[in-house]
Amino acid sequence: MRFDIAASSLPEFYKERLLALKDRRISKDGVIVIKAQQHRSQDLNREDAIQRLVELIRTVTVVQKVRRPTKPTKGSQRRRLDGKSSGGHQGFTGQGSGLNFTCMCYVML
């Protein structure tokens, strides 16, 4: 079943959101192609395709809440800094790094 977004009677807001979807069923020309072949009857397949089209349009009508970035809590900041300070004594060669550096300096006077 083919459904042309540009020729539909949907509000512009929904048309724009449908075209912005990254869905392989929507072509660049704004045509939605839904393939329905579950039933042996053409009428049942048509109803199934229309139902799936309605569900696709409903997913676009839901407006996502705008996420406002929040600051980390004082407790989480303190735990992070405590973890950094307690791990600082290990140094570069600590716990499983497998590296061992030896430095020798010779000075000729």
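A search of the whole structure, which is a predicted model, finds five salt bridges. Among them is the pair formed by Asp23 and Arg25, whose side chains meet with a nitrogen-to-oxygen distance of 2.8 Å. Arg25 has a relative accessibility of 30% and therefore counts as partly exposed, since that category lies between the limit of under 20% for buried residues and the limit of over 50% for exposed ones.

Another of the five salt bridges joins the side chains of Arg52 and Asp48, with a separation of 3.7 Å from N to O. Both residues belong to helix α2, which covers residues 42-61, and they stand four residues apart, about one turn of the helix. The two partners can be described separately in terms of accessibility: Arg52, at 31% relative accessibility, counts as partly exposed, whereas Asp48, at 18%, counts as buried. The value for Asp48 falls in the buried class because buried means under 20% relative accessible area.

A further salt bridge is found between the side chains of Arg58 and Glu55, for which the distance from N to O is 3.1 Å. Arg58 and Glu55 are separated by about one helical turn, because they are three residues apart in helix α2. Arg58 counts as partly exposed, with a relative accessibility of 47%, and Glu55 also has a value in the partly exposed class, at 37%.

The surroundings of Asp48 extend beyond its salt bridge with Arg52. When residues up to four places away in sequence are not counted, Asp48 touches Ala36, Gln38 and His39. Asn45, which likewise has its place in helix α2, is buried, with a relative accessible area of 12%. Leaving aside neighbours within four places in sequence, Asn45 is in contact with Ala36, Gln37, Gln38 and His39. With respect to Gln38, the side chain of Asn45 reaches the backbone nitrogen of that residue at 3.2 Å. Ala36, Gln38 and His39 are thus listed among the contacts of Asn45 and also among those of Asp48.

The helix that carries these residues is part of a chain with three helices and two strands, and these elements follow the pattern β-α-β-α-α when read along the sequence. Of the 109 residues in the chain, 19% count as buried. The chain exposes about 10,000 Å², and carbon and sulfur atoms supply 54% of that area. As for contacts between residues with a separation of 6 or more, 50% are accounted for by residues 24 or more positions apart.

The arrangement of helices α1 and α2 was examined next. Two packed helices are described by the angle between their axes and by the distance between those axes. Helix α1, which covers residues 12-20, packs with α2 at an angle of about 105°, and the two axes are 9 Å apart. The two helices α1 and α2 are therefore roughly perpendicular to each other, because angles of 65 to 115 degrees are placed in that class. On the side of α1, the residues involved in the meeting of the two helices are Tyr14, Arg17 and Leu18, and their counterparts in α2 are Leu56, Ile57, Val60 and Thr61.

Val60, one of the α2 residues that meet α1, is buried, with a relative accessible area of 4%. Apart from neighbours within four places in sequence, Val60 is in contact with Tyr14, Arg17, Leu18 and Leu21. With regard to Leu21, which stands 39 residues away from Val60 along the chain, the C-alpha atoms of the two residues are separated by 8.6 Å.

A residue of helix α1, Leu19, provides another pairing across the sequence. Leu19 and Gly30 are 11 residues apart along the sequence, and the distance in space from C-alpha to C-alpha is 6.4 Å. At 46% relative accessibility, Leu19 counts as partly exposed, while Val60 in helix α2 is buried at 4%.

Key. Residues numbered from 1 in each chain as written. Predicted model: local features only at pLDDT ≥ 70, side-chain atom pairs only at ≥ 80, totals over all residues. Heavy atoms only, no water. Salt bridge = Lys/Arg side-chain N within 4 Å of Asp/Glu carboxyl O. Buried < 20%, exposed > 50% of the residue type's maximum accessible area, 1.4 Å probe, protein only. Polar contact = N/O pair within 3.5 Å; in protein donor to acceptor, adjacent residues only side chain to side chain. Contact = heavy atoms within 4.5 Å. Areas by Shrake-Rupley, 256 points an atom, 1.4 Å probe, with all protein chains shown as cover. Axes fitted to C-alpha atoms, helices over the stretch in contact; angles between N-to-C directions. Parallel < 35°, antiparallel > 145°, perpendicular 65-115°, else oblique.
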